[in-house]
Amino acid sequence: MRFKKHIKILLDALYTYYMCKKFSGLQIQSEAKIGFGTKIFIGNKGRLVIGQSSYIGADTTICANSHIEIGKNTLINKSSRIGCAEFIRIGRGVMIAHGVSIYDNNNHPVNFESRYKIAEHRYTSDLISWEKSKKKPIEIGDYVWIGMHSIILKGVNIGRGSIVAAGSVVVHNVPEMTIVGGNPAQVVKYLS
Ligand SMILES: CC(C)(COP(=O)(O)OP(=O)(O)OC[C@H]1O[C@@H](n2cnc3c(N)ncnc32)[C@H](O)[C@@H]1OP(=O)(O)O)[C@@H](O)C(=O)NCCC(=O)NCCS
């Protein structure tokens, strides 16, 4: 068991080193680690900063076409997805459970003619680019906890210390120190 743990630590360290060599836009602060198998894509204008002692769980996918900042001591669990075309800031001490999606853009145009053009051009048209979809920055405050399989969509600010209940879809701002849940997520409890 202990042997397995050491192998994992070693693999994560090697993988983190490999990713730093691969992407000039990746900045890893001390003791931060990227889990082995995490998929990271950083575009020409992209940047990804991972704060001190933070950990990105294996199998997570992060696409930084623009700027993503992750504060210190933040944990992103397995199989989450972060897609950035504008700006995403995740604070310090944030816990993101497994299977969470955070997208600051719609991915595709809402207008069906534009989407059909993408199909007609066999998905090679410029319109497929996130740049062509609506986008707004996301800010996730310090000490927030996001429950498993939740979705955080464009333009959302989540206040410090708040909790997003499992399976929520967050489309509106969340005040500090509250629990929100549901689709669309609404305040279900105030935290003292
Ligand atoms: C629906 C979607 C495309 C947004 O379309 P849009 O035209 O930009 O819509 P807006 O952001 O202006 O939102 C319109 C209303 O719908 C609500 N809304 C948007 N997405 C919602 C969702 N997923 N669940 C519930 N409500 C939602 C908004 O809060 C807003 O309500 P309000 O006026 O009361 O504030 C986007 O929110 C979405 O769900 N994207 C998912 C993309 C995806 O699944 N990509 C995967 C890869 S293909």
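This note goes through the overall form, the sheets, one core residue, the helix and the ligand shell of a predicted model.

1. **Overall form.** The protein chain holds two helices and 20 strands. Its C-alpha trace spans about 55 × 45 × 25 Å along the principal axes. The radius of gyration is 17 Å; a compact globule of 192 residues would have one near 16 Å, so the two agree.

2. **Burial and contacts.** Buried residues make up 34% of the 192 in the protein chain. Take the contacts with a separation of 6 or more: 20% of them join residues 24 or more positions apart.

3. **One open sheet, from β1 to β16.** This sheet has six strands, and the pairing is parallel. Their order is β1-β4-β7-β10-β13-β16. At the edges are β1 (26-28) and β16 (157-158), each pairing on one side only. At the β16 end, strand β13 (residues 138-140) runs parallel to β16 and is joined to it by two bridges. Within that pairing, E139 has N157 of β16 as its bridge partner.

4. **Strand β7 inside that sheet.** Strand β7 covers residues 67-70. Strand β4 (residues 47-50) runs parallel to β7, with four bridges between them. Strand β10 (residues 87-90) also pairs with β7 in the parallel sense, again over four bridges. H67 is a useful marker for both pairings. R47 stands opposite H67 in β7, and H67 in turn stands opposite F87 in β10. The two faces of β7 differ in cover: I68 and I70 form the covered face, while H67 and E69 form the uncovered one.

5. **A further open sheet, from β3 to β18.** Here six strands follow the order β3-β6-β9-β12-β15-β18, with parallel pairing. The edge strands β3 (39-42) and β18 (169-170) have a single partner strand each, so one side of each lacks a neighbour in the sheet. Further in, strand β9 (residues 81-84) and strand β12 (residues 101-103) are paired in the parallel sense by three bridges. One residue pair to look at is R81 and its bridge partner in β12, S101.

6. **I62 as a core residue.** What surrounds I62, beyond residues up to four places away in sequence? I62 touches I40, L48, I68 and I82. Of these, I68 belongs to the covered face of β7. I62 itself lies in strand β6 (residues 61-64). I62 counts as buried because it has 25 C-beta neighbours inside 10 Å, where 20 or more are needed. K39 is 23 residues away from I62 along the chain, yet their C-alpha atoms are separated by 6.3 Å.

7. **Helix α2.** Is helix α2 largely in the open or largely buried? The helix has nine residues, 112-120, and the number buried is zero, so it lies largely in the open. Just after α2, R122 takes a positive phi of about 50°. That backbone angle can be checked directly in the model.

8. **Ligand shell.** Which residues are around the ligand? They are N106, N107, H108, V110, K134, L153, V169, V171, H172, N183 and P184. By class, the shell has five nonpolar residues, five polar ones and one charged one. The charged residue is K134. V169 also falls within edge strand β18 (169-170).

Technical notes
Residues are numbered from 1 along each chain as its sequence is written. This is a predicted model: local features need pLDDT of at least 70, side-chain atom pairs count only at pLDDT 80 or more; totals for chains, interfaces and linings use all residues. A residue is near a molecule or strand if its C-beta atom, placed from the backbone, lies within 6 Å of it. Two strands pair if DSSP finds at least two bridges between them. The radius of gyration is taken over C-alpha atoms; the globule rule is 2.2 Å times the number of residues to the power 0.38. A residue is buried if 20 or more other C-beta atoms lie within 10 Å of its own, exposed if 12 or fewer, and partly exposed in between; C-beta atoms are placed from the backbone. Two residues are in contact if their C-beta atoms, placed from the backbone, lie within 7 Å.
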